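Welcome to my notebook. I went through this structure one topic at a time and wrote down what I looked up.

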Amino acid sequence: IIHDRHIVKKEFENLIKNGPIEYQHPKDLTIVTCRNEGTLEDRIIPHLSGYEDTSILERNMEYLGLDLVVLTDDRLPWRNTFKFEMLHKYLNAWKNGRGYCTTKYFMCLDAIDVIFVDDPQRVIDIFESYECDALFMSTHSTDGYNCMPKVKEWADTINSKNRYLNSGVYIGKTSFVKEMVEEAMKYAIPHGVTMDGYREYLNSQPEDYPKGSQDQDIFRYIEQKFYPRMKVDYDNQMAFRS
């Protein structure tokens with residue numbers, strides 16, 4: 001997987017140039033993305049022009065013959081904590097007397113800047129090698145840790161690579177992802193911070209942080225509670241990010 005908004009478009013174009021590819025979708029894996037209804041133009045950088053209406057992930061999955069569940073919400077402005085509400089509803093939905101999502105594994109990907117460039121079975125294999133219940137990719141970004149220095153101190157005790165949890169790509173056992181989302185819902189409020197207001201929000205040092213913050217900040221906050229069931233791929237074997 002590649003999760004890097006500056007190179008995904010070029011890499012997807014290269015993938016197409018190399019000719020048709022079709023991967024077998026693992027039968028035990030559900031892949032989900034969450035996005036707003038309508039245009040994505042307010043959420044993508046100019047470099048990703050052409051993917052305002054149908055995200056690059058949706059196009060990529062269709063091209064590779066993979067199944068993607070697209071969860072949408074019509075509320076604007078978009079808030080990343082909407083994802084928790086959407087995932088919670090989906091994971092707790094019932095159909096014909098049983099859970100709607102019945103696969104063993106569950107993967108969630110950002111819509112606007114993520115693509116597959118290899119067989120998704122490889123992601124499952126990497127995940128299983130970590131012997132955990134959920135695996136997140138990593139990034140150098142420390143956004144949000146200024147509001148929770150103790151959390152960063154703890155995170156630094158379990159890795160020495162100056163990389164931290166990134167929620168743009170994660171996979172887990174469906175039962176555990178459901179548990180994580182239940183916990184995250186405690187901090188996801190409908191009127192949480194917008195993407196445009198995020199920097200000002202962090203600078204304000206909110207006392208109830210991370211309540212109402214970005215989804216990634218909330219995952220970082222609850223990481224310690226679930227570790228080692230919840231781990232981070234510090235080497236980014238699962239997904240590339242510069």
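**Entry 1: two helices.** In which hand, left or right, does H6 pass H8? I looked up the crossing and found that H6 passes H8 in a right-handed one. I should say at once that this is a predicted model, so my notes describe a prediction.

I then checked the geometry of the pair. H6 covers residues 174-184, and H8 covers residues 215-226. The two pack at an angle of about 120°, and their axes are 10 Å apart. Angles of 65 to 115 degrees would count as roughly perpendicular and angles over 145 as roughly antiparallel, so H6 is oblique to H8.

Next I listed who meets whom. From H6 come Phe 176, Glu 179, Met 180, Glu 183 and Ala 184. On the H8 side they meet Ile 218, Phe 219, Ile 222, Lys 225 and Phe 226. I kept a reminder here: an α-helix has 3.6 residues a turn, so residues three or four places apart point the same way.

**Entry 2: what H6 hides.** Which residues of H6 are buried? I noted Thr 174, Phe 176, Val 177, Met 180, Val 181, Glu 183 and Ala 184. Their cover includes helix H3 (82-91) and H8, along with the strands S6, S8, S9 and S10. H6 lies across S6, S8, S9 and S10, and it runs at about 135° to S9. That sent me to the sheet.

**Entry 3: the sheet.** In what order do the strands lie? I read S3-S2-S6-S9-S8-S10, six strands in an open sheet with mixed pairing. Strand S3 (69-73) and strand S10 (230-232) are at the edges; each has a single partner strand, so one side of each has no neighbour in the sheet. On average, neighbouring strands are turned by 25° against each other, direction ignored.

I also looked at another helix on this sheet. Helix H4 (residues 121-129) packs on it and touches strand S2 (29-36), strand S6 (105-109), S8 and strand S9 (164-173). The direction of H4 makes about 95° with that of S9.

**Entry 4: strand S8.** How do the partners of S8 run, parallel or antiparallel? I found one of each kind. S8 (residues 134-139) runs parallel to S10, joined by three bridges, while six bridges join S8 to S9 in an antiparallel pairing. I picked out some bridge partners:

- Ala 134 has Met 230 in S10 as its partner.
- Leu 135 is matched with Lys 231, also in S10.
- Phe 136 is matched with Tyr 170 in S9.

Is S8 mostly covered or mostly open? I noted that it is mostly covered, with six of its six residues buried.

**Entry 5: cysteines.** How many disulfides does a search of the whole structure find? The count is zero. For Cys 34, the nearest cysteine sulfur belongs to Cys 108 and is 4.7 Å away; a disulfide needs the two sulfurs within 2.5 Å, so this pair does not qualify. Cys 34 has a relative accessibility of 3%, so I counted it as buried. I marked Cys 147 as buried too, because its relative accessible area is 15% and the cut-off is under 20%.

**Entry 6: backbone oddities.** Before this search I wrote a general note: most residues other than glycine have a negative phi, and most peptide bonds are trans.

Where are the cis bonds I looked up? One goes from Leu 76 to Pro 77, with omega near -5°, and Pro 77 is in the loop between S3 and H3. Another goes from Tyr 227 to Pro 228, with omega near 5°, and Pro 228 is in the loop between H8 and S10.

I then turned to positive phi values. Gln 205 has phi near 50° although it is not a glycine. I located Gln 205 in the loop between helix H7 (198-203) and H8. Asn 236 also has a positive phi, about 50°, and is not a glycine either; it lies in the segment after S10.

Are these two buried or partly exposed? Gln 205 is partly exposed, with a relative accessible area of 43%. Asn 236, at 12% relative accessibility, counts as buried.

How values were computed. Residues numbered from 1 in each chain as written. Predicted model: local features only at pLDDT ≥ 70, side-chain atom pairs only at ≥ 80, totals over all residues. Heavy atoms only, no water. Pairing = 2+ DSSP bridges. Helix = DSSP H or I, 4+ residues; strand = E, 2+ residues; numbered from the N terminus. Axes fitted to C-alpha atoms, helices over the stretch in contact; angles between N-to-C directions. Contact = heavy atoms within 4.5 Å. Buried < 20%, exposed > 50% of the residue type's maximum accessible area, 1.4 Å probe, protein only. Parallel < 35°, antiparallel > 145°, perpendicular 65-115°, else oblique. Left-handed = near helix turned anticlockwise from the far one by under 90°.
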